[in-house]
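Trainee: I would like to learn how the terms in a structure description are justified. Could we go through them together?

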Amino acid sequence: MTSKATRQAFGEALAALGATHENIVVLDADLSKSTKSDLFAKKFPERFFEMGIAEANMLGTAAGLALSGKVPFCCSFAAFITGRYDQIRISVAYSEANVKIVGTHAGVAIGDDGYSQQGLEDIALMRAIPTMAVVQPADDIETAAAVKYLAEHQGPAFLRLTRQNVPRVHAEGYEFRFGKVDTLREGTDAVIFASGGTVGNAMAAAEALAAEGISLRVVNVHTIKPLDVEGVVAAVKASGNLAITAEDHTVIGGLGGAIAECLSENHPAKLLRIGVQDVFGESGAPAELVAKHGLDVAGIARQVKAFLGR
Amino acid sequence: MHAATSRETARSADPALVARLVEIAGRMRVDIIEMLARAGSGHPGGSLSAIDMVTALYFHVLAHDPKNAAWDGRDRFVLSKGHAVPAVYAVMAEAGYISRDDLQTLRVLGSPLQGHPVKSFVHAPGCEANTGSLGQGLSVAQGMALAAKLDGAAWRTYCMLGDGEMQEGQVWEALMSAPKFGLDNLTAILDYNKGQIDGPTNEVMNLEPLQQKLEAFNWHVIRIDGHDIAAFLGAIEEAKSVTGKPTFIIADTVKGKGVSFMENRIEWHGATPNPEQTKQALAELKR
């Protein structure tokens, strides 16, 4: 199975888009080799700005570039870039600046470096800002499509990417529909809404559960904001009114929070939120951390079964 | 009166021009007091300290066109010290971006004249970016200057900062980066009125020796009296002649300048006059 980190797919997509989208400019804060924005920098050095370890200034500069007609992609680790919340809130979003905020190394799956480097609350932060779109692609194909969409989309957006390789869940020719969910697998006993690096494991868990007679629908939520309310409600209705979310992020305010809000307002249903349970991250091997937080295939399957009483 | 002028600047400005700008700035002070008195909240101290330079920017320095506000070739002016926006609203009305009646709607629900600059309602200088959370404007102005460089455009970017916000770390991040990018099309202007909410700037968090710090950061630095419009125009001309690096104009000013009981009084940072005080202030300003 093809497997690639979404940050890698992002870097490749951005470098390719640079040729046709002359207004794209890219900023990074001393992490371009990690965020993969260096792939753009090598091809278009005149449109790449190395800002040093100064994310607040980077975001403000990106806002100024955007207000002057450029389309800046502003890159760092998810934890660091969304940590400059007020610059995103005022200089970017409130100023209606067309800045694409790219946060890589999201979630506990980045591993050993520990909590300070792990973006665990970034979706919650970005989701709370008016006009801010939040997009988290599940594989390389979806990432390339999302990057192209965001380059042409008018308005601020947060793109959340993985450090680790993730399995491909889409076929070539996949159509990225901003603001819509993708049903990756049909199922009737319950629906699991997954996003980003967790989608592949959710799919594998559904496969494992099928062998035990459990029919799990898998829905990929790449656009967490604006959320596809209709699509979410329809998926829940078709799946026994039992909903599960799975994400490498705190369950508060992220995908789990978004689905909880959506369901309680539109179609109350029983919900299980799989993710980081209001605790700090820690150092460990990526696989160990993913397992500890129940985000691996076995962990997801175990929690789903408990939720279903099976 | 701060007359600290550590550098000789060109004083070639036409005396008639300077006299006209002084006259406009005087009327702008009246507008500031009237709109703040009516609003019942806002920041007179920093609006009055900035107004001479804001007036000079609008009516001589900046390339802009009130009849074509979104003109691509306009110079950009970012008011990083967003709480001084009454100064900008006053000159916007004088220039014809908004009506004089609009000034009466400062801080009124539904009015475009928000308590801090909002870019969405008009592309006027000073409202190019939303500000008010201090310390962010110089970075935004830097981005604009970078965009002009990328496009080979001739327009220039100006950013006015307050002294209190120089305490924000982000300002120093921008002070580091703008010289790296050789932004000689960027001019920062410090409205150095020496006061902030909790007290004198040099007691809250001293900036000095400021000129040496800025020069150490590779800026071209000019220090003037910010109420001396001829000196300000000279500094602006000097900034235009500098190549390869940005210019920082340290403008020594008086908080509350023009109203005797507000001058150099910290308590007028964010307080508005009652009817009696308003009457007195207007009497002084209309002399």
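Mentor: Gladly; we will take the terms in turn and set each value against its definition.

Trainee: What should I know about the model and the numbering before we start?
Mentor: This is a predicted model, in which local features need pLDDT of at least 70 and side-chain atom pairs count only at pLDDT 80 or more, while totals for chains, interfaces and linings use all residues. Residues are numbered from 1 along each chain as its sequence is written, chains are lettered from A and ligands numbered from 1 in the order in which they are written, and side-chain values use heavy atoms, with hydrogens and water left out.

Trainee: How do you know which residues of chain B are in contact with chain A, and how many are there?
Mentor: Contact means heavy atoms within 4.5 Å. By that rule, 26 residues of chain B meet 25 residues of chain A.

Trainee: What makes the buried area a way to describe this interface, and how much is there between chain B and chain A?
Mentor: The size of an interface is often given as the accessible area lost when the parts come together. Buried area is the accessible area (1.4 Å probe) that two parts lose on being put together, summed over both. Here the figure is about 2,000 Å², and carbon and sulfur atoms give 55% of that. B:Asn130, B:Gln136 and B:Leu150 supply 26% of what chain B buries against chain A, more than any other three residues.

Trainee: Why is the pair B:Asp151 and A:Lys70 called a salt bridge?
Mentor: The term asks for a side-chain nitrogen of Lys or Arg within 4 Å of a carboxyl oxygen of Asp or Glu. The closest N and O atoms of B:Asp151 and A:Lys70 are 2.4 Å apart, so the pair falls within the 4 Å limit. The rule finds one salt bridge across the interface of chain B and chain A.

Trainee: How many residue pairs are in polar contact across the interface, and what is the rule?
Mentor: There are 15 such pairs, both residues at pLDDT 80 or more. A polar contact is a pair of N or O atoms within 3.5 Å; within protein, one must be able to donate a hydrogen and the other to accept it, and residues adjacent in sequence count only if both atoms are side-chain atoms. On the side of chain B that touches chain A, α4 (137–151) and α5 (169–180) of chain B each supply at least two residues. The most comes from α4(B), with nine residues. Helices (H or I, at least four residues) and strands (E, at least two) are DSSP runs, numbered from the N terminus.

Trainee: How do you know that A:Cys74 is not in a disulfide?
Mentor: A disulfide is a pair of cysteine sulfur atoms within 2.5 Å. The closest cysteine sulfur to that of A:Cys74 is in A:Cys75, 6.8 Å away, too far for a bond. For B:Cys127 the closest is in B:Cys159, at 13 Å, again too far for a bond. Over all chains the structure holds zero disulfides.

Trainee: Are those two, A:Cys74 and B:Cys127, buried or exposed?
Mentor: Buried means under 20% relative accessible area, exposed over 50%, and partly exposed in between (1.4 Å probe, protein chains only). A:Cys74 has 0% and B:Cys127 has 1%, so both fall under the 20% limit and count as buried.

Trainee: What makes A:Glu282 partly exposed, and what is its salt-bridge partner?
Mentor: Its relative accessible area is 30%, which lies between 20% and 50%. A:Glu282 forms a salt bridge with A:Lys292, with the closest N and O atoms 2.6 Å apart. A:Lys292 is at 55% and therefore exposed.

Trainee: Which parts of chain B does the salt bridge of B:Asp252 and B:Arg223 tie together?
Mentor: The closest N and O atoms of this pair are 2.9 Å apart. B:Asp252 lies in strand β7 (residues 247–252) and B:Arg223 in strand β6 (residues 220–225), so the link ties together parts 29 residues apart in sequence. Both B:Asp252 and B:Arg223 are buried. Salt bridges that share partners join B:Lys194, B:Glu208, B:Arg223 and B:Asp252 into one network.

Trainee: Why is B:Arg74 called buried, and what does its side chain meet?
Mentor: Its relative accessible area is 4%, under the 20% limit. The side chains of B:Arg74 and B:Glu128 are joined by a polar contact of 2.7 Å, and a polar atom of the B:Arg74 side chain lies 3.4 Å from the backbone oxygen of B:Ala70. Both distances, 2.7 Å and 3.4 Å, are within 3.5 Å.
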